[in-house]
Structures are given as C-alpha cells and as structure tokens.
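Here are some short exercises to work through with the model on your screen. Try each task before you read its solution.

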Amino acid sequence: MTPDLQLSTVPPQAGASAPAEVPSPASAPMPAGNVLDGIGNTPLIRVDGVWVKLEYLNPSGSIKARIAKYIVERAEAEGLLRPGDTIVEASSGNTGNALAMVAAVKGYSMLVVMPKGMSSERLAISKAFGADVELVGDFHVNEALARARELGQRPGYFAPAQFESEWNVEENRTWLGPEILAQLPAGTVPDALVMGIGTGGTLIGVGQAFRNVNPAVRLVGVEPDESCTILCGESGKHQVEGIADGFVPGIIERHRGLIDELTSVSSQDSLAVMRRLARGHGLFVGPSSGAHYMAAVALAEREPGLRTIVTVFCDEGEKYLSEHFRAAQDQ
Ligand code: PMP
C-alpha cells in the first residue's frame, strides 16, 4: 500500500467534521496545466454604452492567442504538425507573438516572418519566446507572406496561413463568438459588431456566431483612412498596427458578402482615442482598440436603434510603449 493510499483511507476522527470533499493526493493529482489554459474567458464590459471584449488580457497580450492555440492543435490532430517541426507564419506582430508562445509550450521551433517597421516590442516578444524572426519587406505584410508560404511548403514546416485559413474563421465562430454571446445579459442579442480587418477572421467568424442568434446583426469592418484597401483599393502607411496589412486577405475574398458596411478612421484619431481609453477608463490598449471604439461609438450615435453594439480590444498598450507612450510628447 502506498503512503498516498494510506492517507486517503484514514477515517475522520470522532467529533471532527469529515473533510469529505477534500481530495486525497492519490485521487486528485495536482492539475498539470500550462499557460495556454489561460486563453479565453476574458471580460466583456460596457464602456459608455458599447460592449467591449477585453481580448488584450489573453496570454501573449492579444486576441491572437486564440487562433494560435486553435490552429496548432487542429494541425496536430490532423497530422500536419509533428514533433520537431517548425511553425512559420507571416505576421505584423501579434500572431507571431502568440504562435511563439504556443510553440514554446509545445516544444516546436518557430519562425516569424515580419515586415520591417513594426513595433520593436512585438519583435522582442517573439524572440523572448524563443522564436527566430526574419524581417522581410517594409510595413505591409505582402512580402513576408510570400516568404512564409514558400517555407511552409518545405518538409518539416507548418504554415498556419492566418490570412487564408478557414480554421481562423472557425475558431472565432466556435469559441470567441459564443463566449461573447454567453456573456451578454440574458435575452440580449448583438445588433452590431464593429471590428478592424487584419485577416478578417474575427469579423467574419464572430459575425457568423452572432448571425446565428440575430440574422439582422450589422457587421461593420474598420480600416484606417490612410490604407482603406477593401473600401477604396488603396494601401498606404498608417499607425493602426494589426489591421489593414496592405492587401485583401483570402478570408475577406471568400466571405465579403457577409459584411454590411466598411468604415474608415484616421490613425491620429485612433491614437487619441487609445490614449483616452487608458486615462479615462484604465484600459491600456493598442491603436486598433482606439479605432474600433471610435467606429463603434460613431455607429451608436448615428443609429441609436442599434442598442447592443459589440467591439473588441485586441492588444495591450505595452506593445507600443516605444512607439506611442514613452516619449514626453505622447503623455
Ligand atoms: N487588432 C490587432 C491589434 C490585431 O493584431 C489584429 C490581428 N491582426 C486585428 C485587430 C484584426 O483581427 P483579424 O486578424 O481577426 O482581422
């Protein structure tokens, strides 16, 4: 008989209340979790009338922790990713950080192909998780994408291909979307979803989940004025990192018909709103959250009939310290 079993069979002493629910070491081993268990279950809060999902609180500091975990585990299950393989992804930052975290937990090598000109924090974070980072192209992701696609076809590599993958949409439809729906007050369904388009996975996937409960839900995509690629066919430099990567992603090409409206906001306004969110609400988030919030508030003002408007704060302000928060003029 092992000491553990002896412990679990010691009868309670007379008069003492029996610790019936206290598990013995033998019957309940210590939970062997890892940081990936911390992904999801982020708060949904109301900020001046708009519902905001705080995805920046995920491990690795962004919404992308979800697709990183989901796609990697799908690829493992389908035999597309095996021990010893290298995961390669083109990313302007957050997906690279998130995949690097997942790779560190699961023991894969990770190569992030990233355009130059992204926030130095996001490059440093991928490296901190042990990833290699290759800088290809300038600001927009196009060239990095071609490089990742080429490497992904080689033996020993797996390319999640976030801009194309239906698994990206599927994660949002089956995980993030239903999670938001469950957090809204009972009997409340979303009237609108306002979301910037990087891969388009969040807008489309969460949008599909919302359509299941409200077929009339308004799906509004957000782009920066300076690079409204889907809305007006232009791609320029802007400061809303994480959205408008310089091309129309495959996900949007396939699902464009689901989007009701595209709207654009300026980089400067997005940054101003981002700063106000930190000062006024204690929400230390990145530029796309400023853009999303501004577009959501504008929609609420324009159409008061849309009572339940949902948007997402995708990444944390810490990732932009050197770019937007550290200099004295930014305070
Ligand atoms: N905001 C930020 C900060 C992001 O990193 C991303 C993803 N690139 C988005 C918004 C847009 O998300 P999606 O890729 O699902 O369109």
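**Warm-up: burial**

Of the 331 residues of the protein, 47% count as buried, that is, with 20 or more other C-beta atoms, placed from the backbone, within 10 Å of their own. The model is predicted: local features need pLDDT of at least 70, side-chain atom pairs count only at pLDDT 80 or more, and totals for chains, interfaces and linings use all residues. Numbering starts from 1 along each chain as its sequence is written.

**Exercise 1.** Describe the shell around the ligand.

*Solution.* Start with the nearest residues: of the 17 around the ligand (C-beta atom, placed from the backbone, within 6 Å), Gly198, Thr199, Thr202, Gly242 and Ser288 come nearest. Next, sort the shell by type: four residues are nonpolar, 11 polar and two charged. Finally, look for the main contributor: helix α7 (residues 201-213) gives the largest share, three residues.

**Exercise 2.** Work out how helix α11 (residues 287-302) spans and sits in the structure.

*Solution.* First, the span: the 16 residues of α11 reach 23 Å from first C-alpha to last, close to the 22 Å expected at 1.5 Å a residue. Second, burial: 12 of the 16 residues of α11 are buried, so this helix is largely enclosed by the rest of the structure. Among them are Pro287, Ser288, His292 and Leu299. Third, the neighbours: the buried residues of α11 pack against strands β2, β7, β8, β9 and β10 and helix α10, where a contact means C-beta atoms, placed from the backbone, within 7 Å.

Definitions and conventions:
Helix = DSSP H or I, 4+ residues; strand = E, 2+ residues; numbered from the N terminus. Nonpolar A, V, L, I, M, F, W, Y, C, P; charged D, E, K, R; others polar. Expected span 1.5 Å × (residues − 1). Contact = placed C-beta atoms within 7 Å.
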